[in-house]
Amino acid sequence: MRLANKVTLITGGGSGIGKASCLLFAREGAKVVVVDLKQETADSTVQEIRDAGGEASAFAADVSKGADCEAMIAFAEKTYGKLNVVFNNAGVFHPEDDSVTNTAEAIWDMVIDVNLKGVFLGCKYAIPALLRAGGGSIINTASFVAVMGAAAPQIAYTASKGGVLAMTREIAVEFARKNIRANSLCPGPVETPLLAELLSDPARRNRRLVHIPPGRFARPEEMANAALFLASDESSYVNGSTFLVDGGITAAYITPE
Ligand code: NAD
């Protein structure tokens, strides 16, 4: 098993990419701390893992709050004795996050608080625990929009993901000689509840699909597989990377008809 004897913590583990990653990490032998905003949501992922014979515990936390992040890391160490992998994956996408000229300050603050500050806080409190364990792997969820602009704007979301990318690189360099690796997972568009409303509109769906070389959106499990690689020792020389899992969107100029 690819994560045998590893203790992992995944934020946003109640849905989408986070949930698929919790289930996969547990199948690969990890003990998984499932963190989500609501206890019930985290509990339901834990139940699925336990039903399949895996080991997991739930913890409710708002990643935009320092005290919550400190507590989730303490919970992981107290429950399983150490922490080897942190996957800072929780994120939000707000329907009123739009062009720079008409996005409200409150929407900007809310998105940046969760998507960027939440990752900062996750790293801030996880790194001392990873050092106590002799090192580890940090995976921060950015997005392909961290490296591309879109004419269907979502300014706060895009800025937050660009910040995650830059912050992760710096962490990767600072802690490399202390046996900590940090990488940004940059998904292309994935069919999860995050985009459900947007993708339910055929015009908006097709506006995006036309730019995706394989002609389909990703599945959460496809991101979980990438996160598994970054979490495991198989990626021991992968550090500070912009790990794009986007079906080739960022490679494309003209896509197939
Ligand atoms: P999702 O909405 O299915 O799941 C996100 C989870 O995060 C939810 O369970 C939610 O409760 C939790 N969450 C939200 N705010 C939180 C907070 N403050 N504290 C703790 N938990 C919180 O979304 P997803 O599509 O699985 O997205 C996961 C990550 O992937 C996000 O960072 C997102 O920005 C990123 N991403 C998604 C896509 C996509 O197309 N779906 C593309 C690129 C990047």
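Leaving aside its neighbours within four places in sequence, which residues is Gln-154 in contact with? This is the opening exercise. The model is predicted: local features need pLDDT of at least 70, side-chain atom pairs count only at pLDDT 80 or more, and totals for chains, interfaces and linings use all residues. Residues are numbered from 1 along each chain as its sequence is written, and side-chain values use heavy atoms, with hydrogens and water left out.

**Exercise 1. Place Gln-154 and list its contacts.**

Step 1. Locate the residue. Gln-154 sits in the loop between strand 5 and helix 5. Helices (H or I, at least four residues) and strands (E, at least two) are DSSP runs, numbered from the N terminus.

Step 2. Check its cover. Gln-154 has a relative accessible area of 13%, so it is buried. Buried means under 20% relative accessible area, exposed over 50%, and partly exposed in between (1.4 Å probe, protein chains only).

Step 3. List the partners. Contact means heavy atoms within 4.5 Å. Beyond its neighbours within four places in sequence, Gln-154 touches Phe-93, Asp-97, Asp-98 and Val-145.

**Exercise 2. Describe the nonpolar patch that includes Val-147.**

Step 1. Find Val-147. This residue is in the loop between strand 5 (136–141) and helix 5 (155–174).

Step 2. Check its exposure. Val-147 has a relative accessible area of 41%, so it counts as partly exposed.

Step 3. Name the members. Val-147, Met-148 and Leu-244 make up the surface patch, with about 210 Å² of accessible area together. Patches take residues with over 30% relative accessible area and no salt bridge; like charges are joined within 9 Å, nonpolar side chains (Val, Leu, Ile, Met, Phe, Trp, Tyr) within 5 Å. Accessible areas come from the Shrake-Rupley method with a 1.4 Å probe; for residues, only the protein chains shown count as cover.

**Exercise 3. Summarise the whole chain.**

Step 1. Count the elements. The chain has eight helices and seven strands.

Step 2. Test the overall size. A compact globule of 257 residues would have a radius of gyration near 18 Å; the chain has 17 Å, which agrees. The radius is taken over C-alpha atoms, and the globule rule is 2.2 Å times the number of residues to the power 0.38. The C-alpha trace spans about 50 × 40 × 35 Å along its principal axes.

Step 3. Add burial and surface. Buried residues are 49% of the 257. The chain exposes about 12000 Å², with 53% of it from carbon and sulfur atoms.

Step 4. Look at contact range. Of contacts between residues at least 6 apart in sequence, 70% join residues at least 24 apart.

**Exercise 4. Which elements give two or more residues to the largest nonpolar core?**

Step 1. Define the set. A nonpolar core is a set of buried Ala, Val, Leu, Ile, Met, Phe, Trp, Tyr and Cys residues joined through side-chain atoms within 4.5 Å.

Step 2. Size the largest one. The largest core has 34 residues, and Leu-9, Met-72, Leu-83, Ile-138 and Ile-171 have the most contacts inside it.

Step 3. Assign the elements. They are strand 1 (7–11), strand 2 (31–36), helix 3 (66–80), helix 4 (105–132), helix 5 and strand 6. Helix 4 gives the most, with eight residues.

Step 4. Look for another core. Apart from the largest core lies one of 29 residues, among them Val-46, Ala-58, Ile-139 and Ala-218.

**Exercise 5. Examine the salt bridges.**

Step 1. Count them. The structure holds eight salt bridges. Each is a side-chain nitrogen of Lys or Arg within 4 Å of a carboxyl oxygen of Asp or Glu.

Step 2. Take Glu-77 and Arg-132. Their side chains meet at 2.9 Å, N to O. Glu-77 lies in helix 3 and Arg-132 in helix 4, so the pair ties together parts 55 residues apart in sequence. Arg-132 is exposed, at 57% relative accessible area.

Step 3. Take Arg-205 and Glu-191. Their closest N and O atoms are 2.6 Å apart. Arg-205 lies in helix 7 (residues 202–209) and Glu-191 in the loop between strand 6 and helix 6 (196–199), so the bridge ties together parts 14 residues apart in sequence.

Step 4. Finish with the network. Salt bridges link Arg-216, Arg-219 and Glu-222. Within it, Arg-219 and Glu-222 meet at 3.4 Å, N to O.
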